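Let's take a walk through a protein together, starting with the whole chain and then looking at some of its charged side chains. Keep the model open as you read.

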Amino acid sequence: MAYTESEAPAFLFFFCISVLITGGLLHKKWKGSAEDDANGKSASDSVEFKKFQKTYLVVYFCVMAGDWLQGPYVYALYDSYGFDQHDIAVLFVAGFGSSMIFGTFLGSFADRFGRKNFCLIYIASYILSCLTKHVNSYNWLMLGRLLGGVSTSLLYSVFDSWMINEHNARTFDQSWLSDTFAMAIFGNSVVAILAGLVANAAAGVSDLHVVAGGNGETNDGSLMNGGFCAPFDVAILILIVGGLFIKNTWGENYGSRGDGGDSGLEGSIKVLKKGFKTIVENKAVMLCGLISSLFEGSMFTFVFMWTPALTPSAAEGETLPFGLIFATFMVACMAGSTLFSIVTKITPVEEVSKYTFCVASASLFIPVLTNNYTLIFVGFLVFEGCVGLYFPAIGTLKGMVVPESQRSAIYNIFRIPLNVIVLVVLLSKIEMTSAFFCCAAMLFGAALCQFKLVDILKTTKNVKDGDKPSTEVEAESLL
């Protein structure tokens with residue numbers, strides 16, 4: 001059995017089923033929230049917390065929209081400039097390499113010089129990255145990829161670090177942290193769908209054309225506009241809005257400022273070294289890093305592989321309804337984040353994560369066992385649901401065990417093995433079945449790490465449901 005464009009109604013069926021499931025979970029969540037409100041147990045009882053949550057989420061949705069608007073058109077833009085597959089692959093490798101190398105150091109600088117400042121640096125660097133897309137020059141595009149890699153590292157470290165620090169500093173209930181992460185992931189899925197629609201509309205407003213410069217027939221070095229450049233321009237506008245919100249509504253917070261007289265660079269390197277030492281010596285922090293790298297490594301591999309997995313070789317010349325499939329994936333992710341909000345009211349986050357990773361592993365093992373595209377697609381939807389569960393769970397867990405003074409530095413160190421996994425996938429010509437076997441194996445490894453982490457947390461009794469997040473002293477006691 002194989003899907004073709006003429007069988008789009010089959011995907012529409014799965015989309016409708018996903019929407020119904022998500023709607024049912026939302027109803028359950030809202031019903032439970034109403035009961036909590038009646039009993040005085042809900043985060044919504046705190047006007048101050050809801051205000052803080054909105055302050056963070058508005059910015060988070062803006063910066064994620066800026067990222068989602070670009071994603072579908074990066075490869076297409078490079079291809080329209082006439083670069084071959086090898087050249088494009090090198091650009092992507094450079095982006096992930098930049099994230100791995102430069103991002104590692106930026107985390108310690110953010111802890112030292114202020115997370116708000118580095119959120120603004122993210123805005124600036126990503127805007128510059130978008131601007132380079134207008135130049136039909138390999139060197140300029142390479143610069144854009146390097147800036148994009150730096151931006152990605154900041155996106156997935158300093159924003160969470162700022163929010164967790166502010167949450168703790170304002171002494172909000174620790175259980176409310178999970179609520180913020182769940183809302184962020186749910187909203188991010190909605191943003192992704194809307195960003196895809198907006199980007200598609202923007203790209204169709206006008207054709208890609210030369211504005212200035214050029215080198216004869218090749219347009220090498222010319223300044224371009226319209227077409228696939230348009231989504232990047234929309235992203236710039238959204239990022240500017242996000243930057244204005246950061247500047248005007250966020251306060252500054254720090255990790256380890258190193259006020260002992262060290263120079264800026266020397267002090268930041270010390271913070272970075274301390275972060276590596278904490279990971280090596282603190283088993284709970286190390287396990288969080290391994291879980292993060294293994295799960296997200298499998299997730300990025302899935303991103304590269306789901307299209308060929310669903311595109312049958314016998315259907316040459318026909319295309320799948322990629323927009324509908326992507327929307328279905330996002331709805332499944334929304335279902336997962338909603339389910340997280342429901343189950344964590346009765347089950348600790350660390351326990352929920354164990355079963356999430358096991359189910360995720362089984363879902364991506366399906367392509368290894370069968371060529372039935374219906375089962376494969378259902379497995380992919382289950383995996384996306386697990387992604388919706390994973391992000392609020394890992395955000396909460398890292399908020400519990402990672403020392404505040406080194407949070408941004410450690411978050412970026414966590415991304416080193418993740419970027420290595422992605423680079424291996426990009427540089428190797430791994431066969432599809434083997435790729436999904438590796439994904440399932442990595443997810444199973446994440447499950448084993450989570451079981452071990454749960455044992456550590458139970459043994460030490462330092463992280464319990466409703467406790468405050470660990471400080472550096474508490475983190476050391478987890479050794």
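A residue counts as buried when its relative accessible area is under 20%. Hold on to that cut-off, because Arg115 comes in at 0% and therefore counts as buried. One thing to know before going on: this is a predicted model.

Let's step back to the whole chain for a moment. The protein chain has 17 helices and two strands. It runs to 479 residues, and 53% of them count as buried. Now think about which residues touch which. Take the contacts in the chain with a separation of 6 or more: 83% of them are between residues 24 or more positions apart.

Next, pick out two helices, α5 and α6. How do you describe a pair like this? Two packed helices are described by the angle between their axes and the distance between the axes. Here the axes of α5 and α6 come within 8 Å and cross at roughly 155°. That angle is over 145 degrees, so α5 is roughly antiparallel to α6. The crossing of α5 past α6 is left-handed. If you'd like to see where they meet, look in α5 for residues including Phe118, Ile121, Tyr122 and Thr132, and in α6 for residues including Trp140, Leu141, Gly144 and Leu155.

Between these two helices there's a loop, and Lys133 sits in it; α5 covers 115–132 and α6 covers 138–155. Does Lys133 have a partner of opposite charge, or does it go without? Lys133 is buried yet has no salt bridge, and the nearest side chain of opposite charge, Asp67, is 9.8 Å away. What does Lys133 touch instead, leaving aside its neighbours within four places in sequence? Its contacts there are Leu77, Tyr78, Tyr81, Leu141, Gly144, Cys229 and Phe232. Two of these names, Leu141 and Gly144, should ring a bell: they're among the α6 residues that meet α5.

Now for a second buried charge, Arg415, which belongs to helix α15 (residues 407–427). Arg415 has no salt bridge either, and its nearest side chain of opposite charge is Glu296, 4.1 Å away. A salt bridge needs the nitrogen and the oxygen within 4 Å, so at 4.1 Å the pair of Arg415 and Glu296 doesn't count. Still, Glu296 is in contact with Arg415, and beyond the neighbours within four places in sequence, so are Ser99, Thr152, Ser153 and Tyr156.

What about charges that do pair up? Side chains of opposite charge can pair when their charged atoms come close. A search of the whole structure finds six salt bridges. One of them links Arg115 and Asp111, with the closest N and O atoms 2.8 Å apart. You've already met Arg115 as a buried residue, and Asp111 is buried as well, with a relative accessible area of 0%.

Another salt bridge joins Glu351 and Lys354, at 2.9 Å from N to O. Both residues lie in helix α13 (residues 349–369), three residues apart, about one turn of the helix. Glu351 has 13% relative accessibility, so it counts as buried, and Lys354, at 9%, is buried too.

Finally, find Arg407 and Glu404, whose side chains meet in a salt bridge of 3.2 Å, N to O. Both of these residues are buried. Salt bridges that share partners tie Asp111, Arg115, Glu404 and Arg407 into one network.

How values were computed:
Residues are numbered from 1 along each chain as its sequence is written. This is a predicted model: local features need pLDDT of at least 70, side-chain atom pairs count only at pLDDT 80 or more; totals for chains, interfaces and linings use all residues. Side-chain values use heavy atoms; hydrogens and water are left out. Helices (H or I, at least four residues) and strands (E, at least two) are DSSP runs, numbered from the N terminus. Buried means under 20% relative accessible area, exposed over 50%, partly exposed in between (1.4 Å probe, protein chains only). Lys and Arg count as positive and Asp and Glu as negative; His and the chain ends are not counted. Contact means heavy atoms within 4.5 Å. Axes are lines fitted to C-alpha atoms, for helices over the stretch in contact, and angles run from 0 to 180 degrees between N-to-C directions. Angles under 35 degrees count as roughly parallel, over 145 as roughly antiparallel, 65 to 115 as roughly perpendicular and the rest as oblique. A crossing is left-handed if the near helix is turned anticlockwise from the far one by less than a right angle, and right-handed if clockwise.
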